[in-house]
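Hi,

Here is the structure I promised to pass on. Have a look at it first, and then read my notes below.

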Amino acid sequence: MAKKNRRQTSKWGLATRAVHAGETRQKWSDVIATPIAQTSTFVFQNTKDIQDYTSKKKARFEYGRYGNPTELVASRRIASLEGAEDCLLFASGMNAVTTTFLALLSKGDHIVITDDIYKKTWSFCTSDLPRFGIECSIAPMGDYKKLEAMVRPNTKIIFSESPTNPYLYVVDLERLGDIARRKKALFIIDATFATPVNQRPLEHGADIVLHSVTKYLGGHNDLLGGAIVGSNKLVEKVRTFHKTMGGVMDPHCAFLLIRGLKTFAVRVERANRTAMRVAEFLEKHPKVEKVYYPGLKSHPQHKIAKKQMDGFGGVVTFLAKGNLAGAKRLLNSLKLCFIGPSLGGTETLITHPAMGTYYDMTRKQRYELGITDTLFRLAVGMEDAEDLIADLKQALKKV
């Protein structure tokens, strides 16, 4: 666990760090790929070895729930990409959310969240946290005056996503960070949709940045994981609780994450270009009512996105004309795009939030949240933009 051989990365560009950060130059048996330390236990050579470890004279691994060499490389690399002091990995994105909040909140505390966030995060904050004596207030996305008015003396966290799910609203990070600082609350942002290629919230005042590494950081639809980045002090506080909760990333998953990170920068850059072309196509299509993509001038936060983002991401949300029957025909007519949740992988995925994520709500409840019968979220993959557009074009004929 010693850091003396950690490769220097401060002067490297982001793509270079995505390939090399966090690794030692020379690895076991001179392999080039980071080895998988597939073990649950790390043994001590003698009693002095034990005492050096417990007295903190020697940094090393002891038990898989407390850390692993493969996982350490992955966490260091993500910290480097975000420009953070520390990174902690989890078994899933939601495990990162729940563990972080429970580590930083106590009975009697209060949290403010914005209304356009991932359904499971919303559910945890509004249904589960109150069971532990933690109150939650929900602010309208983009209404900073209302949000600030909701902050109380016992507010410990202000939380949002940017871009959000599914409408891709963009938070003014500096403005929200300023509110949090003045109110002495932590500002936590889920930046999964943006990734460090497009947005680095720590540079704009965030205290903790959260990622579902299942998405772009892993990038191949073959792993589950979560991460938080931030200062050593804050991340260590979560790490202490994390060791008790046990939602760790296993070494093979960490290996897959490292593999995915090596192509991360080029994948996101390609997704940015493809999504922009798809968004422009959809915006001009006569059977599309509205397109939500931060790169379009029609997006309500386009100016903010241009100010704080280097790219606009690979997700395009759109509202088709027609009704639910037409929406089903569109989905059933797709030949290239897969119908499924998630995003950030090599395959293009399309989801229908009303039938998928919000299936357990009444139509009235869904519509109050803006989840209409003809709303689609498209997450572009690595395919050629022309092929994706052609697939959408023929499917839209069925609407």
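**What I found**

Asn95 sits in helix H4. Before I go on from there, keep in mind that this is a predicted model.

Is Asn95 buried or exposed? With a relative accessible area of 18%, Asn95 is buried, since the cut-off for that is under 20%. Leaving aside residues up to four places away in sequence, Asn95 touches Phe90, His242 and Gly247. The helix around Asn95 is mostly covered too: 10 of the 12 residues of H4 are buried. Among them are Gly93, Ala96, Val97, Phe101 and Leu104. I also checked the length of H4, which covers residues 93-104. At 1.5 Å a residue, its 12 residues should span 16 Å, and the end C-alpha atoms are 17 Å apart, which agrees.

**The seven-stranded sheet**

One open sheet has seven strands in the order E1-E7-E6-E5-E4-E2-E3, and the pairing is mixed. Which strands stand at the edges? They are E1 (86-90) and E3 (135-139); each has a single partner strand, so one side of each is left without a neighbour in the sheet. On average, neighbouring strands here are turned by 20° against each other, direction ignored.

As for the individual pairings, here is what I have:

- E2 (residues 110-114) and E4 run parallel, joined by four bridges; His110 has Thr155 of E4 as its bridge partner.
- E4 and E5 are also paired in the parallel sense, over five bridges, with Phe159 opposite Ile188 in E5.
- E6 (residues 208-212) and E7 (residues 226-230) run antiparallel and are joined by five bridges; here Ile208 stands opposite Gly230 in E7.

Strand E4 (residues 155-161) is mostly covered, with six of its seven residues buried. Helix H9 (residues 232-245) lies across E1, E5 (186-190), E6 and E7, and runs at about 25° to E1.

**The five-stranded sheet**

There is another open sheet, this one of five strands, with the order E8-E9-E12-E11-E10 and mixed pairing. Its edges are E8 and E10 (338-339), each with a single partner strand, so one side of each has no neighbour in the sheet. Within this sheet, E11 (residues 349-351) and E12 (residues 375-379) pair in the antiparallel sense over three bridges, and Ile350 has Leu378 of E12 as its bridge partner.

Helix H11 lies across E8, E9 and E12, at about 10° to E9. Val268 is found in this helix, which covers residues 264-284. Its relative accessible area is 2%, so Val268 counts as buried. What does Val268 touch, not counting residues up to four places away in sequence? The contacts are Thr195, Val197, Asn198 and Tyr216. The C-alpha atoms of Val268 and Gly311 are separated by 8.7 Å, and these two residues are 43 apart along the chain.

**Rings and charges**

You may want to look at the aromatics, as the structure holds nine aromatic pairs. One of them is Tyr293 with Phe312, an edge-to-face pair at 6.4 Å centre to centre and 75° between the planes. Why does this pair tie together separate parts of the chain? Tyr293 lies in the loop between E8 (288-292) and helix H12 (302-308), while Phe312 lies in the loop between H12 and E9 (315-320), so the pair links parts that are 19 residues apart in sequence. Tyr293 has 0% relative accessibility, so this residue counts as buried.

Elsewhere, Phe101, Phe124 and Phe159 form one aromatic cluster. Two of these have come up already: Phe101 is one of the buried residues of H4, and Phe159 is the residue opposite Ile188 in E5.

Two charged side chains also go with rings. Arg60 lies over the face of Phe44, at 4.1 Å from the ring centre. For Lys119, the charged end sits over the ring of Tyr359, 5.8 Å from its centre.

That's what I have so far. Shout if anything is unclear.

Cheers

Definitions and conventions: Residues are numbered from 1 along each chain as its sequence is written. This is a predicted model: local features need pLDDT of at least 70, side-chain atom pairs count only at pLDDT 80 or more; totals for chains, interfaces and linings use all residues. Side-chain values use heavy atoms; hydrogens and water are left out. Rings of Phe, Tyr and Trp (its six-membered ring) pair if their centres lie within 6.5 Å; planes under 30 degrees apart count as stacked, over 60 as edge-to-face and the rest as tilted. Helices (H or I, at least four residues) and strands (E, at least two) are DSSP runs, numbered from the N terminus. Buried means under 20% relative accessible area, exposed over 50%, partly exposed in between (1.4 Å probe, protein chains only). A charge sits over a ring if NZ of Lys or CZ of Arg is within 6 Å of the ring centre and within 35 degrees of the ring normal. Two strands pair if DSSP finds at least two bridges between them. Axes are lines fitted to C-alpha atoms, for helices over the stretch in contact, and angles run from 0 to 180 degrees between N-to-C directions. Contact means heavy atoms within 4.5 Å. The expected span of a helix is 1.5 Å times one less than its number of residues.
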